[in-house]
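Student: I should like to study one part of this structure closely. Could you guide me through it step by step?

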Amino acid sequence: MKAVSIKEPGGPEVLEWVDVEDPVPAAGEVVVDVAAGALNRADVMQRMGLYPLAPGTSPYPGLEVSGTVSALGDGGTGWQVGDEVCALLTGGGYAQKVAVPAGQLLPVPKGTGLIEAAGLPEVTATVWSNLVMTAGLKAGETLLVHGGLGGVGSMAIQIAKVLGARVVTTVGGPEKVERVRELGADVAIDHRTEDFTEHGPYDVILDVIGGDYLERNIRSLATDGRLVVIGLQNGLDGRLNLADLVFKRLSVHGTTLRTRSEEQKAAIVAQVREQVWPMIEDGSVRLLIEDRLPMEEASEAHRRMEAGGHTGKILLVND
């Protein structure tokens, strides 16, 4: 088969479409013939050498795919050869085939095309695990989502609205303000001209920015508020006011999905299938797709992601 290999840490040009060995399913795994994969920010970090991989992780990037089950390992129950699925991965999605633990597979939601389904597993699992399983977002609470038109942000807005939350989000530019309002945001803040702290307090904040946002996030949380940091686009360093943390009884969580155990991922995927898939199938939640490129043009897809301005997932499609 062919896969996208990282020749060496660097820019998009280090991605190469090369011949590699076919995956062999271990016990409890299935092999998926990949119809499409989707880009995530972690792929860019891995390409740049900034995302250390756990031992045994595929060296090829790609955290989610859609496709057709083509082989079953021992104990890979619940699926049959020929099933159309999408899957949450630890890596290896930029390829023609990938081996996946059976517990990380999902059926393609009704009404969603096989190609489009490639953009669902990572973003839905990220949003559900952080907003609900970690932060415990409830109906009537106020959620602040930073980066409302990114893959995670746009999904978080929609899922939170279905759950009955009031949603505030930050974006960059007046045209994006209108887009997130269309997704259901109650308040849209152009961070270039407004300070999000003035629209608080917030019960939950989902932050993909990190860095110097930490102090303002903490300051704008309500009593018993919860901050979940899942991205570090503004860097690693932030100031934390411990008085706010103690006297307002705040909780700060830092999470990643990729490094969770197979058992933890299976539990998240099971909840996504039970709780989020019905939202997608009834049309109350939809995936935003920015572009589709051939899998062998992964370098161009990375250039587009790093250029910014995209408002949805970028998919990589196998011929």
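Student: Which element gives the most to the lining of the second largest pocket? Please continue from there to strand E5 and its surroundings.

Tutor: This is a predicted model, and the description that follows should be read with that in mind.

Strand E6 gives the most to the lining of the second largest pocket, with five residues. The pocket itself has a volume of about 540 Å³. It is lined by 32 residues, and the closest to its centre are Gly56, Thr57, Ser58, Thr90 and Gly91. Two elements, strand E6 (97-101) and helix H7 (262-281), give two or more residues each to this lining. Sorted by class, the lining has 16 nonpolar, nine polar and seven charged residues.

We turn now to strand E5. Four of the five residues of E5 (residues 84-88) are buried, so the strand is largely enclosed by the rest of the structure. Its pairing can be followed strand by strand. Strand E3 (residues 29-38) and strand E4 run antiparallel and are joined by seven bridges; here Val34 stands opposite Gly67 of E4. Strand E4 (residues 64-72) in turn pairs with E5 in the antiparallel sense, over five bridges. Gly67 stands opposite Val85 in E5, while Val65 has Ala87 of E5 as its bridge partner. E5 is also joined to strand E7 (residues 105-107) by three bridges, again in the antiparallel sense, and Leu106 in E7 is the bridge partner of Cys86.

A general point helps with what comes next: in a regular strand the side chains alternate between the two faces of the sheet. Nonpolar side chains, moreover, tend to be buried together in soluble globular proteins.

The largest nonpolar core has 42 residues, of which Leu131, Ile159, Val272 and Trp277 touch the most other members. The elements that each supply at least two residues of this core include E5, helix H2 (121-134), helix H3 (151-162) and H7. Among the contributors, H7 gives the most, with seven residues. Trp277 can be examined individually: leaving aside residues up to four places away in sequence, it touches Cys86, Leu106, Pro107, Val108, Pro109, Leu120, Thr124 and Val272. Cys86 and Leu106, the bridge partners named above, are thus both among the contacts of Trp277. Apart from this core lies another, of 25 residues, among them Val65, Ala87, Leu89 and Leu105. Val65 and Ala87, which are bridge partners, both belong to that other core.

Helix H7 therefore links the two topics of this answer, giving residues to the pocket lining and supplying seven residues to the largest core.

How values were computed: Residues numbered from 1 in each chain as written. Predicted model: local features only at pLDDT ≥ 70, side-chain atom pairs only at ≥ 80, totals over all residues. Heavy atoms only, no water. 1 Å grid on protein atoms, 1.4 Å probe; cavity = no way out; pocket = protein on both sides within 12 Å on 5 of 7 lines; lining within 4 Å. Points joined across faces, edges and corners; volume = space filled by probe spheres on them. Nonpolar A, V, L, I, M, F, W, Y, C, P; charged D, E, K, R; others polar. Buried < 20%, exposed > 50% of the residue type's maximum accessible area, 1.4 Å probe, protein only. Pairing = 2+ DSSP bridges. Core = buried A, V, L, I, M, F, W, Y, C linked by side-chain atoms within 4.5 Å. Contact = heavy atoms within 4.5 Å.
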